[in-house]
Amino acid sequence: MIIKPKVRGFICTTAHPQGCAANVQSQIEFIKDKGAIAGAPKNVLVIGCSNGYGLASRITAAFGGGANTLGVCFEKPPTDKRTASAGYYNTAAFEQIARDEGLYAETINGDAFSNECKDKAIALAQANMGKIDLIVYSLGAPRRQDPITGELYTSTLKPINKGYTAKNLNTDSLTITDITVEPATQEEIDHTVKVMGGEDWELWIKALKQADVLADGCNTVSYTYLGDKLTWPIYGHATIGKAKEDLDRAAKAINAELQDINGKANVAVLKALVTQSSSAIPIMPLYISLLYKVMKEEGTHEGCIQQLYRLFTEGLYSDSPRLDDSNRYRMDDLEMKAEVQAKVEELWPQVTEENLFQLTDYKSYHEDFLRLFGFGWEGVDYEADVSPMVEADFK
Ligand code: NAD
């Protein structure tokens with residue numbers, strides 16, 4: 001079939017297998033060009049490995065450190081008539097390239113929140129990898145089924161205490177209108193914490209430790225976003241922000257849990273970027289389009305792979321990591337620079353439908369969004385008839 005993007009709102013329902021492979025390849029090349037990362041881990045588990053920050057983490061570990069990697073993701077396989085999800089194609093491409101280079105790479109395509117998935121990961125690690133020395137927790141999930149009670153929890157993106165009205169860019173119609181989001185109920189806050197908070201991260205580490213598959217001195221990291229004034233009402237000080245605060249609590253609990261094997265847990269604060277998760281958050285498309293414009297002009301623009309390279313070299317495997325008062329690695333330093341935020345805040349009220357392409361870098365935002373699904377990569381013939389079927393031996 002000839003595969004074209006089919007975009008509905010913040011979702012693209014098709015993905016291009018060769019374009020996704022080109023995405024993976026370009027991130028691998030970036031990491032290889034940087035050279036070997038000193039002190040890098042050798043056996044790495046990435047939970048949420050198929051897209052965005054988790055995929056970049058896996059690529060950095062494998063191609064910057066020569067690591068064996070076990071990944072966990074939740075992706076849709078292809079059929080004769082429908083393409084797979086982008087994460088499926090990304091992971092198939094990653095595994096092939098890694099194995100061709102002699103690296104162990106295996107992936108569980110299943111629900112990371114379940115006990116079954118954790119058991120499977122432990123069995124694979126015991127059979128095929130040495131003890132795990134880095135666990136990356138990078139899930140972006142809309143819902144979670146509690147593994148004990150079976151109750152289903154759904155996360156929401158809502159402000160807390162009072163409603164919030166803000167400028168929003170509709171990426172389908174390119175119209176800019178005010179949107180009002182009503183405040184979350186206590187139940188919605190609690191459910192969001194249950195899905196995107198630290199509980200499942202803790203359960204993973206407990207299960208891995210109990211099974212004795214963690215190496216002495218292992219590291220674990222979970223990702224968060226803090227943002228500044230413009231995004232606080234819908235992110236930092238909202239339901240998702242509450243869930244992310246819970247990661248700080250979980251990091252402390254995991255540190256205590258890992259004390260006897262000299263392990264450590266940290267939260268890493270990463271920058272705002274176009275991913276499947278972030279494009280679903282109101283106001284983020286406009287904020288990121290402005291951020292692109294300002295940071296590109298400054299020469300400080302970064303994508304997932306650049307952020308991850310810095311997290312490994314300036315954070316996780318640095319002798320002098322940049323940690324904040326809450327023991328978090330700060331990789332959002334360039335986005336949070338006062339001048340950058342001041343410039344974005346100055347431009348924010350000026351943006352209109354007419355000047356969208358001049359005042360913001362929405363063009364790059366949109367291109368990057370499509371590239372997440374394998375569209376717009378150089379060297380790929382998008383008019384060619386390609387099969388959506390790609391072989392993968394996911395567990
Ligand atoms: P993403 O949507 O690109 O990737 C999410 C990953 O989670 C995918 O691999 C997906 O398969 C996996 N996943 C989702 N549900 C799953 C389940 N039930 N079982 C197994 N795997 C599942 O997300 P992202 O933007 O890379 O976000 C990853 C983390 O980074 C999140 O914690 C997010 O809050 C954080 N973060 C994102 C940004 C940003 O701007 N995108 C900024 C800072 C921090």
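Start with cysteine 304: its sulfur lies 14 Å from the closest cysteine sulfur, in cysteine 49, which is too far for a bond. The cut-off here is that two cysteine sulfur atoms must be within 2.5 Å to make a disulfide. Cysteine 304 also counts as buried, at 13% relative accessibility (buried is under 20% relative accessible area, exposed over 50%, partly exposed in between, with a 1.4 Å probe and protein chains only). All this comes from a predicted model, where local features need pLDDT of at least 70, side-chain atom pairs count only at pLDDT 80 or more, and totals for chains, interfaces and linings use all residues. Residues are numbered from 1 along each chain as its sequence is written, and side-chain values use heavy atoms, with hydrogens and water left out.

Now for cysteine 20. Its sulfur is 9.4 Å from the closest cysteine sulfur, in cysteine 12, again too far for a bond. Cysteine 20 is buried too, at 0% relative accessibility. The disulfide count comes to 0.

Back to Cys304, which is among the α9 residues that meet α2. Helix α2 spans residues 52-65 and helix α9 residues 304-316; they pack at about 55°, with axes 9 Å apart. That angle makes α2 oblique to α9 (under 35 degrees is roughly parallel, over 145 roughly antiparallel, 65 to 115 roughly perpendicular, and the rest oblique). The crossing is right-handed. On the α2 side, the contact residues include Tyr53, Ile59 and Ala61, and they meet a set in α9 that includes Leu308 and Phe312 (contact means heavy atoms within 4.5 Å). By class, this contact has 9 nonpolar, 4 polar and no charged residues.

How values were computed: Axes fitted to C-alpha atoms, helices over the stretch in contact; angles between N-to-C directions. Helix = DSSP H or I, 4+ residues; strand = E, 2+ residues; numbered from the N terminus. Left-handed = near helix turned anticlockwise from the far one by under 90°. Nonpolar A, V, L, I, M, F, W, Y, C, P; charged D, E, K, R; others polar.
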